[in-house]
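Let's walk through this model together, one region at a time. Please keep the sequence and the 3D view open as you read.

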Amino acid sequence: MAILDIIQKATGVSALVLLPLVAVGYALLKLLYTGLTCHTKHLPGPWYARFTHLRLKRAVVTGRRSFYIHDLHQKYGPIVRISPTEVAVADLSAFKEIHRIGTKYLKSTWYEDLANFPKKGIFTMRDPKEYGARRKLLAASFSKTYLMTHWESEVRSKAHLCVSKIKDDAIRKGTADVYNWWMLLASDVTAHLSFGESFGMLEAGKANQFMRVLKKLTIGAGIMVELPFLRLLGYIPTPTMQEMFNGNEYILKGADRAVELARSRSGEQNIFAKVIEDSEKEGEGHIDDMDVRVEASNIIIAGTDTTGCTLTYLTWAVLQRPELQKALEKEVATLPEDFVEKDVMELPLLNAIVEETHRLYGAAPSSLPRVVPKGGSHLGGHYIPGDTTVSTQAFTFHRDENVWSDPLTFNPYRWLPGQDGSPAEALSEDAKAAFHPFGVGSRSCVGIHLARMEMRYAVAFLFRECKGLKLSKSTTPETMEFENFFLITPKGHHCHVEFA
Ligand code: HEM
């Protein structure tokens, strides 16, 4: 204030006018300093990205980050400065280098900031040793063999129940919201695995209180990581604000049940019973009760909207193409009455449709931020200084016209060389390397086998038991446009179908 007094005396201007002027002056100087000292100023990119994160933040908070970055790649090439400290990478060899097994490019602190829990978990751990031990433990419980032995029949019966609910709504109410039902399926499956008992949301037709709060908490965490000052909203005593910004206490208390069943040696158990047993056997990666609470919540968050949205877009993509729908209905009709996932794995068209959905409508197409190791590195022909965040996004790799023919067209036959007018040759090595709906390398999705199992059962049941579905008028290209907050979701938050 003393400086203000001096300036006020010297200029004769009141402090009320001076204060905002000083604030604006300070902000401009800071911008200038950032721009002049920016370590990535030699890289291609819009001029303003040298000075500020603001344009990128705007894209993030308006749900348009992936499209914004994709457009920048079209304009500036595969290496683009998107903020003073972050570079987007769409170069295939750089992508392989960043994500290879044993990489030195660790996850950025964005993940830690995003998670609003008292302990780190599999999604947020950065230290390779700590992470390696946790990953090993969880990966064993999510391995294909373990899932097939212990969880397949549960997944199958939930997928069947879900499809019967869709059919029932379509018959009785005239329309069914597959977005709602696929979300309930995905959350019921992950909640059952994590807790050890069903949340019964498919039976009830709606999410329970735990799921509703967990969802709001995730939205709140997403807001706080981008705009930390909005943490202040947590002081507003309305239920929504409390659940969004202070809901973690409720969630961690709710997850006590997961701990109870993980420690129980009789009756229903959850995946953490095995995780704890393995950690005690191997003597590494000790798991305490808070770890169980945090990981149970992580698994539900990571496995719900991802699988639910991918199934929604798959249904939407197929129902827009009656020929494809008929071919799929014909294929799934060949399955035996008591089919299992192994039978579905042998259906070429169904699996090609799943892959093509992952390519164009994969639920997690956004930047996966990693940090350049100390000393810097050369990526895509450019030097990138150490500590810079480099992020690759599947959205761009899956639409690269140097890798995919006619990349914007939904064409499952590209996965079935030589069939129905598809290219005679199999996918190129570059296409295989660029395709990564479940992430890539050591930090790739631990739930991949579960997600694939759920999707196979859901698609097989839907197109066997609900022949002749079509999209309702309320579901349009506009309502199905992507909203992109790390994951993608249809803007309309619904996808209505009915019988033709
Ligand atoms: C279609 C469904 C799914 C998609 C598209 C998907 C996608 C992804 C992607 C892209 C990543 C990498 C994130 C990164 O590097 O930042 C990831 C990680 C992860 N996913 Fe999934 N996921 C799906 C389903 C699931 C399911 C069902 C579960 C749990 C049961 C799950 C649990 C996880 C976990 C725990 C991680 C963190 C892995 C780590 O860092 O080691 N996901 N997923």
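A good place to begin is Lys 144, which counts as partly exposed at 21% relative accessibility; buried here means under 20% relative accessible area, exposed means over 50%, and partly exposed is in between, with a 1.4 Å probe and protein chains only. Before going further, please note that this is a predicted model, in which local features need pLDDT of at least 70 and side-chain atom pairs count only at pLDDT 80 or more, while totals for chains, interfaces and linings use all residues. Residues are numbered from 1 along each chain as its sequence is written, and side-chain values use heavy atoms, with hydrogens and water left out.

What does Lys 144 meet in a salt bridge? Its partner is Glu 341, with 2.8 Å from N to O; a salt bridge is a side-chain nitrogen of Lys or Arg within 4 Å of a carboxyl oxygen of Asp or Glu. Lys 144 belongs to helix α8 (residues 144-150) and Glu 341 to helix α19 (residues 341-345), so this pair ties together parts that are 197 residues apart in sequence. Helices (H or I, at least four residues) and strands (E, at least two) are DSSP runs, numbered from the N terminus. Unlike the partly exposed Lys 144, Glu 341 is buried, with a relative accessible area of 1%.

The structure holds 28 salt bridges. Side chains of opposite charge can pair when their charged atoms come close. Another of these pairs is Arg 65 with Glu 86, whose closest N and O atoms are 2.7 Å apart. Since Arg 65 sits in helix α4 (residues 65-76) and Glu 86 in strand β2 (residues 86-89), the pair ties together parts that are 21 residues apart in sequence. Here both partners, Arg 65 and Glu 86, are buried.

Now turn to Asp 387, which forms a salt bridge with Lys 374 at 3.0 Å between the closest N and O atoms. This pair links two loops: Asp 387 is in the one between β7 (382-384) and β8 (389-393), and Lys 374 is in the one between β5 and β6 (377-379), 13 residues apart. Asp 387 counts as partly exposed at 48% relative accessibility, and Lys 374 counts as exposed at 69%. Salt bridges can also link up into a network, and Lys 119, Arg 134, Asp 288, Asp 291 and Glu 295 form one.

Next, look at the open sheet of 5 strands, which has mixed pairing and the order β1-β2-β8-β5-β3. Its edge strands are β1 (79-83) and β3, each of which pairs on one side only. Two strands pair if DSSP finds at least two bridges between them. What is the sense of the pairing between β5 and β8? It is antiparallel, over 5 bridges, and one of the partnerships joins Arg 370 to Val 390 in β8. Strand β3 (residues 106-107) also runs antiparallel to β5, joined by 2 bridges: Leu 106 has Val 371 as its bridge partner, and Lys 107 has Arg 370.

Is β5 largely enclosed or open? All 5 of its 5 residues are buried, so β5 is largely enclosed by the rest of the structure. Both of its faces are covered, with buried Ser 367, Pro 369 and Val 371 on one side and buried Leu 368 and Arg 370 on the other.

From β5 we can move to the ligand. There, 27 residues surround the ligand, and the closest are Tyr 111, Tyr 131, Arg 135, Arg 370 and Cys 445; a residue is near a molecule if one of its heavy atoms lies within 4 Å of it. At least two residues of this shell come from each of α7 (128-141), α17 (289-319), β5 (367-371) and α23 (448-465), and α17 gives the most, with 6 residues. By class, the shell has 15 nonpolar, 8 polar and 4 charged residues; Ala, Val, Leu, Ile, Met, Phe, Trp, Tyr, Cys and Pro count as nonpolar, Asp, Glu, Lys and Arg as charged, and the others, Gly among them, as polar.

Oxygen atoms of the ligand lie 2.5 Å from an N or O atom in the side chain of Tyr 131, 2.9 Å from a polar side-chain atom of Arg 135 and 3.0 Å from one of Arg 443.

Notes
Polar contact = N/O pair within 3.5 Å; in protein donor to acceptor, adjacent residues only side chain to side chain.
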